[in-house]
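Trainee: I would like a close look at the aromatic side chains in this model, taken slowly and in a connected way.

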Amino acid sequence: MLFRSQKFDLIAIGRAAVDLNAVEYNRPLEDTKTFAKFVGGSPANIAIGSAKLGQKVGFIGKVSDDQLGHYVTQYMASVGIDTSNMVKDDTGHKIGLTFTEIISPEESDILMYRNEAADLYLNAHEVSRAYLAQTKMLVISGTGLAQSPSREAILKALLIAKELGVEVIFELDYRPYTWQNAEETSLYYQLVAQKADVIIGTRDEFDVLENHQGRTDQETIATLFQYDANLIVIKSGIQGSNAYTKAGETYHFGVFKTKVLKSFGAGDSFAAGFLYAYQHQLGLETALKYGSAAASIVISQLSSSEAMPNLDQLTAFIEKAEAQEVHQS
């Protein structure tokens with residue numbers, strides 16, 4: 001853990017997009033007619049969740065120079081995120097769109113439009129060393145590696161962060177859209193994973209990183225701990241999540257019961273809650289608990305970004321859930 005007096009607790013880099021979430025539940029997307037608009041994209045959501053928890057947050061990304069791009073930038077600024085390094089695309093690329101389908105809590109799906117998305121056109125020269133020097137932590141999302149020039153911009157940010165001693169968090173955020181094949185994905189994921197200090201993802205995402213299905217957590221961490229990582233967090237759905245340290249410690253936390261509306265948005269909220277507790281040195285078990293609670297809150301509501309809890313909401317949720325468990329036992 002770094003102890004630096006910097007302007008930002010964390011800076012996230014990569015995808016900022018628009019989510020159009022189905023307001024009509026229990027019906028397929030083909031029959032859905034009404035949607036609600038929210039800010040989306042994994043790094044943007046993590047930044048928003050972190051800002052709502054009271055973190056000082058910056059963002060590096062590229063958005064379309066139109067109404068939707070302005071909406072994303074304005075919303076992120078409204079929750080306290082520094083948007084000075086959010087670049088407007090001046091070549092006509094449009095912001096990424098995600099339509100969501102909520103057939104049931106177990107059947108939620110997303111349809112992404114990522115072709116020529118503005119965030120994939122972030123250029124390396126638009127990544128500022130001076131800006132990165134102001135943060136304790138850099139959060140990198142896997143989707144930014146899918147295409148050039150965003151790929152080179154992410155790698156430049158990674159190298160600068162390592163030179164400056166900024167802690168690098170790699171949130172795997174695998175989306176098949178825009179990737180060419182499994183070998184390409186694994187190659188670039190491994191380049192970042194070997195330099196990252198903390199790696200967070202689902203069991204399936206770690207399989208993508210290693211391009212090997214059916215790996216165990218122990219096999220995965222044995223490989224990745226040969227490099228720079230000091231902490232690996234592997235999420236396994238309803239089975240909860242595990243945090244592994246290079247020193248050999250293992251921490252586990254399950255999931256909180258909640259009334260599930262949708263299955264998407266949990267990963268971003270988990271990362272925001274986890275990183276808050278991790279950066280405030282509350283202990284890894286507490287970090288897993290905060291991540292799990294934030295995820296449970298978000299999957300019970302329509303939005304992802306707007307549903308991100310503040311610290312009072314998060315701790316109140318945990319206290320209520322734990323009190324109920326004691327009462328039931």
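Which residues form one aromatic cluster?

Mentor: The structure is a predicted model, and in it the aromatic cluster is formed by Phe-170, Tyr-174, Trp-179 and Tyr-189. Turning from the cluster to the pairs, the count of aromatic pairs comes to 11. One of them joins Phe-35 and Phe-99 in an edge-to-face arrangement, with 5.5 Å from centre to centre and 85° between the planes. Because Phe-35 belongs to strand S3 (residues 35-40) and Phe-99 to strand S6 (residues 97-104), this pair ties together parts that are 64 residues apart in sequence. Phe-35 counts as partly exposed, at 29% relative accessibility, and Phe-99 likewise counts as partly exposed, at 21%.

Tyr-276 and Tyr-290 make a stacked pair, because their ring centres are 6.3 Å apart and their planes stand at 5°, where planes under 30 degrees apart count as stacked. Since Tyr-276 lies in helix H8 (residues 266-279) and Tyr-290 in helix H9 (residues 284-299), the pair ties together parts that are 14 residues apart in sequence. Both Tyr-276 and Tyr-290 are buried.

Charged side chains also meet aromatic rings here: the charged end of Lys-37 sits over the ring of Tyr-71, at 4.2 Å from the ring centre, while the charged end of Arg-151 sits over the ring of Tyr-188, at 3.9 Å from that ring's centre.

Terms used: Residues are numbered from 1 along each chain as its sequence is written. This is a predicted model: local features need pLDDT of at least 70, side-chain atom pairs count only at pLDDT 80 or more; totals for chains, interfaces and linings use all residues. Side-chain values use heavy atoms; hydrogens and water are left out. Rings of Phe, Tyr and Trp (its six-membered ring) pair if their centres lie within 6.5 Å; planes under 30 degrees apart count as stacked, over 60 as edge-to-face and the rest as tilted. Helices (H or I, at least four residues) and strands (E, at least two) are DSSP runs, numbered from the N terminus. Buried means under 20% relative accessible area, exposed over 50%, partly exposed in between (1.4 Å probe, protein chains only). A charge sits over a ring if NZ of Lys or CZ of Arg is within 6 Å of the ring centre and within 35 degrees of the ring normal.
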